[in-house]
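Please work through the following exercises with the sequence and the model side by side. Each task is followed by a solution that goes step by step.

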Amino acid sequence: MSLLIAENIYKTYGEKTLFDHISFTIEEKERIGLIGVNGTGKSSLLKIIADLDRPEEGRLLHAKHFHIEYLSQSPRFEEDLTVLEQIYYGESELMRLLKRYEEILVALEEHPDNQGLQDKFFNIQQEMDAKNAWEASTLAKTILTRLGIRDYHQQVQQLSGGQRKRVAIAKALIQPADLLILDEPTNHLDNDTIEWLEVYLSQYPGALLLVTHDRYFLNRVVNKIYELDKGQLYEYEGNYEIFLEKKAEREELEVQDERKRQNHLRRELSWIRRGAKARSTKQKARIDRFNDLKNQKKDLSKGQIDIQTGAARLGDQVLELTNVSKAFAGRPLIKAFDYLVVPGERLGIVGPNGSGKSTLLNMMAGRITPDSGRIDVGQTVQIGYYKQSDVDIDGDLRVLDYIKERAEGIQTEEGQWVTAEQMLERFLFPRSMQRTYVRRLSGGEQRRLYLLKVLMAEPNVILLDEPTNDLDTATLAILEDYLDHFPGVVITVSHDRYFLDRVVDRLLVFAGDGKISRYEGNYSEYIEQVKQQSQKSEAAVGKVKAEEQKAQRQERAPRLKLSFKEQKEWDEIEDKIAQLEEKQTHLAAEIASAGSDIGRVQDLYKEQEQVDKALEDAMERWTELSIKIEAIEEQKKSKA
């Protein structure tokens with residue numbers, strides 16, 4: 001059954017056509033990944049589907065009570081709300097109920113003797129029972145905890161940017177929705193959290209539409225790909241891996257079709273040039289067909305970036321860190337760290353958010369100084385630093401002027417001079433776009449432009465701080481190819497597992513306590529080693545427990561008889577259990593008849609808890625004695 005049908009959606013941005021009358025459907029439980037080069041309109045399409053924007057032409061059709069939950073790249077918050085209030089900030093009846101419950105619970109904790117609050121609390125508990133809301137409440141807190149948010153009553157305005165994004169993700173996941181839309185959900189998440197999110201989304205009950213640069217995430221989560229390319233939307237059944245295969249097949253067919261068109265065009269052109277007189281209807285029809293063929297030309301440029309830059313010569317000495325330490329607000333991030341960066345190094349830096357990864361990169365770049373120790377930089381080193389934040393992109397400059405601030409052009413390894421205009425074209429900024437003001441670019445296009453500016457300096461040491469956060473998959477693929485052939489040093493902080501596997505061959509692993517370990521190999525190899533070590537540790541713990549249990553059984557083996565006290569206990573325990581069960585039934589009836597007498601109800605609940613505990617203990621003791629009696633009987637049989 002179709003949840004949503006889009007018909008002939010058309011939208012422009014300035015002179016660019018984002019969607020040229022595209023149509024598509026979203027079915028129940030589909031997992032759709034939306035991809036395309038930055039600036040093609042991915043976020044714009046998500047907003048149209050989420051009813052936050054309108055197309056210039058076309059329409060969306062869906063059921064009357066159809067609900068969408070949308071996570072934007074930059075979520076907005078009610079600053080005065082607490083984390084839980086933000087999570088429950090929704091229009092559904094369930095969310096309003098959970099919000100009221102939390103408000104009453106907080107008020108009752110502050111005023112435990114307030115009779116009015118006690119009555120409200122009793123009533124809302126009954127309402128929570130009636131509407132099965134406890135599961136949703138538990139789920140919300142579980143998701144928050146898994147995302148690293150443990151203070152549920154902290155105000156949103158006190159959270160960091162990364163924490164806010166996690167709260168927004170939790171809100172999107174807990175809100176009941178027919179269609180969940182996620183725009184770059186993996187940004188600012190560490191690898192463990194991303195892996196958890198993969199598993200969670202695989203069990204999500206509704207349909208899913210997401211934009212992400214994380215190719216492993218796409219491969220494992222989605223079962224359909226929508227690709228935006230030059231105003232058109234192409235659909236592919238399958239995950240990202242299958243998409244790559246089918247896209248290559250589509251482009252090959254398009255090339256073949258264009259060759260056929262060109263051959264036909266040449267034959268028609270030859271006929272025209274022979275001087276045929278266009279007087280008959282047949283001749284006029286042939287000339288019209290020739291003009292149609294000319295107008296059918298298809299843009300077969302693949303929208304890929306071609307990066308060919310040079311790099312300054314790099315000597316033997318690059319970077320050397322000696323006994324480097326750094327702390328913030330009294331919390332150590334890096335302790336007495338030594339490291340020698342050598343020519344040709346491909347180094348990845350990984351670890352939890354806030355553990356000091358970007359701090360280390362900033363010290364290498366000379367942006368901040370260590371508290372102790374020293375960092376020696378080679379005389380020939382020229383650093384190009386692609387920063388995650390604090391990037392000064394002047395929106396009042398035109399695209400070409402922004403690049404020319406850095407250089408008029410570059411010299412490639414082959415000795416070719418490439419102008420700034422030509423480099424911009426290679427970075428998917430055609431001449432018609434180079435006079436555009438930077439502020440009119442999309443966020444992803446601005447990051448691509450910033451990447452070009454970094455490379456235009458022809459560095460021989462490239463520092464990349466989370467480069468995958470705002471670059472599209474096509475740009476990342478070309479960047480990875482460029483780094484493969486880059487003759488200098490590459491050091492990158494990243495949570496993108498695919499990017500790390502492609503680019504680096506050794507890791508610095510931050511533990512979050514100031515300690516940094518080293519690993520030779522890529523990220524997937526490191527994770528596999530961690531899993532193997534964890535399995536060995538669990539196996540060792542299990543072996544120790546098994547040996548302890550075996551020893552305990554051996555100690556108990558000689559005492560295969562009931563003591564006088566145990567025999568008496570066994571004779572009476574079934575009657576005791578029956579009495580406790582009867583008492584349990586009686587208390588349940590009294591609670592039901594107590595009505596709104598909150599004091600009486602509370603006393604009965606306490607008594608019920610005591611009876612439940614006593615019954616549980618009695619049942620456990622009955623099990624222990626019965627097992628011992630069976631063992632005695634088995635021993636008697638074996639000796640008989």
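**Exercise 1: A charge pair with a buried lysine**

K326 is buried, with a relative accessible area of 11%, where buried means under 20% relative accessible area, exposed over 50% and partly exposed in between, with a 1.4 Å probe and protein chains only. The model is predicted, so local features need pLDDT of at least 70 and side-chain atom pairs count only at pLDDT 80 or more, while totals for chains, interfaces and linings use all residues. Residues are numbered from 1 along each chain as its sequence is written, and side-chain values use heavy atoms, with hydrogens and water left out.

Task: Determine which side chain meets that of K326 in a salt bridge.

Solution. A salt bridge requires a side-chain nitrogen of Lys or Arg within 4 Å of a carboxyl oxygen of Asp or Glu. The side chain of D371 satisfies this with K326, at 3.2 Å from N to O. This pair links distant parts of the chain, since K326 belongs to strand β10 (residues 319–328) and D371 to the loop between α11 (357–364) and β13 (372–377), 45 residues apart. Helices (H or I, at least four residues) and strands (E, at least two) are DSSP runs, numbered from the N terminus.

**Exercise 2: Two further salt bridges**

Task: Describe the salt bridge between E345 and R506, and then that between D396 and R439.

Solution. In the first step, the side chains of E345 and R506 are found to meet at 3.2 Å, N to O. Because E345 lies in the loop between β11 (331–341) and β12 (346–350) and R506 in strand β19 (residues 506–510), the pair ties together parts that are 161 residues apart in sequence. E345 counts as buried at 3% relative accessibility, whereas R506 is partly exposed at 25%.

In the second step, D396 and R439 meet through their side chains at 2.8 Å, N to O. D396 lies in the loop between β14 (383–386) and α12 (399–404) and R439 in the loop between α13 (420–426) and α14 (443–456), so the pair ties together parts that are 43 residues apart in sequence. D396 is exposed, with a relative accessible area of 56%, and R439 is partly exposed at 48%.

In the last step, the count for the structure is 34 salt bridges, and R215, E480, D481, D484 and R502 are linked in a network of such bridges.

**Exercise 3: The surroundings of Q232**

Task: State which residues Q232 is in contact with, leaving aside its neighbours within four places in sequence.

Solution. Q232 lies in strand β9 (residues 232–237) and counts as partly exposed, at 31% relative accessibility. With contact meaning heavy atoms within 4.5 Å, the residues that remain after the sequence neighbours are set aside are D20, I22 and E227. The C-alpha atoms of Q232 and L18 are separated by 8.2 Å, although these residues are 214 apart along the chain.

**Exercise 4: The chain as a whole**

Task: Establish how many helices and strands the chain has, and what share of its residues counts as buried.

Solution. The secondary structure comes to 19 helices and 20 strands. Of the 640 residues of the chain, 44% count as buried. Among the contacts with a separation of 6 or more, residues 24 or more positions apart account for 68%.
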